[in-house]
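Here are some friendly notes to read beside the coordinates. Please keep the viewer open while you go through them.

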Amino acid sequence: MSNQLYPALDLLNNKLKANSIYIEIIICGAFAIELHGIRRRDQTEDIDTHTNIKIEIKELILQVSLEIKINKNWLNDQVSDIDLPKGSEKRFKEVKHWSNINAKVLSIEDLICMKVSAWFSRGNV
């Protein structure tokens with residue numbers, strides 16, 4: 001599915017541009033791992049962002065999902081309430097692909113910290 005996420009971001013960028021909207025997203029999770037060049041057996045179906053997504057952006061995200069027939073939560077802010085590792089903003093990697101989306105990715109080290117934290121929070125001891 002992640003191969004559909006790139007066209008989804010491209011289409012979202014076009015919609016943002018048409019509305020003169022600029023957004024910043026901080027990408028976490030499996031898609032962030034892929035952006036670091038680490039390929040997984042199973043492709044992710046969504047992009048988790050630590051950034052709170054405004055309602056007007058959520059509407060554009062829904063439009064994209066309907067147009068290219070992917071999960072309506074393909075870009076979501078479900079991890080926006082989780083604390084990022086201390087100092088992580090200094091280690092963000094910028095992804096420069098889109099004119100109206102300023103995308104930043106957590107460092108590999110910070111992604112590992114978040115994955116381990118999530119694993120323990122689920123009671124996996």
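The points below go from the whole chain to the sheet and then to single residues.

1. A word on the source before anything else: this is a predicted model. Please read each value below as something computed from that model.

2. Let's begin with the overall layout. The protein chain holds four helices and five strands, and along the sequence these follow the pattern α-β-α-β-α-β-β-β-α. The radius of gyration is 14 Å, close to the 14 Å that the globule rule gives for 125 residues, so the chain is as compact as a globular protein of that length. If you want the outline for setting up a box, the C-alpha atoms fill roughly 45 × 30 × 25 Å along the principal axes.

3. How much of the chain is buried? Of the 125 residues, 43% count as buried. The exposed surface comes to about 7600 Å², with carbon and sulfur atoms supplying 50% of it. As for contacts, take those between residues at least 6 apart in sequence: 72% of them join residues at least 24 apart.

4. A short point on charge, which you may want for electrostatics. The chain has 17 positive and 17 negative charges, and the mean positions of the two sets are 3 Å apart.

5. Now the sheet. Five strands make up an open sheet in the order β3-β2-β1-β5-β4, with mixed pairing. Which strands stand at the edges? They are β3 (75-76) and β4 (93-95); each has a single partner strand, so one side of each is left without a neighbour in the sheet. As background, strands of a sheet pair through backbone hydrogen bonds, either parallel or antiparallel.

6. Strand β1 is a good place to look at both senses of pairing. With β5, strand β1 pairs in the parallel sense over five bridges. With β2 (residues 47-49), strand β1 (residues 23-28) runs antiparallel, and two bridges join them. Five of the six residues of β1 are buried, so this strand is largely enclosed by the rest of the structure.

7. Strand β5 (residues 101-105) is mostly covered as well, with four of its five residues buried. On its β4 side the strands run antiparallel, joined by three bridges, and β4 and β5 form a hairpin with five residues between them. A103 makes a handy landmark in β5: V95 has A103 as its bridge partner, and I25 stands opposite A103 too.

8. I27, in strand β1, deserves a closer look. Is I27 buried or exposed? Its relative accessible area is 1%, which is under the 20% cut-off, so I27 counts as buried. In the pairing with β5, I27 stands opposite V105. Leaving aside neighbours within four places in sequence, I27 is in contact with A32, L35, I47, D48, A103, K104, V105 and L106. One of these pairs shows how the fold brings distant parts of the sequence together: I27 and A103 are 76 residues apart along the chain, yet their C-alpha atoms are separated by 7.0 Å.

9. C28 also belongs to strand β1. It is buried, with a relative accessible area of 3%, and it stands opposite D48 in β2. Which residues does C28 touch beyond its neighbours within four places in sequence? They are D48, H50, V79, L84, L106, L111 and M114. For another distance to check in your viewer, the C-alpha atoms of C28 and I53, 25 residues apart along the chain, are separated by 14 Å.

10. Finally, please have a look at K104 in strand β5. At 16% relative accessibility, this lysine counts as buried. Outside the residues up to four places away in sequence, K104 touches E24, I25, I26 and I27, along with F92, K93 and E94. For orientation, the sheet order places β5 between β1 and β4.

Notes:
Residues numbered from 1 in each chain as written. Predicted model: local features only at pLDDT ≥ 70, side-chain atom pairs only at ≥ 80, totals over all residues. Heavy atoms only, no water. Rg over C-alpha atoms; globule rule 2.2 N^0.38 Å. Buried < 20%, exposed > 50% of the residue type's maximum accessible area, 1.4 Å probe, protein only. Contact = heavy atoms within 4.5 Å. Areas by Shrake-Rupley, 256 points an atom, 1.4 Å probe, with all protein chains shown as cover. Lys, Arg positive; Asp, Glu negative; His and termini not counted. Charge placed at Lys NZ, Arg CZ, Asp CG, Glu CD. Pairing = 2+ DSSP bridges.
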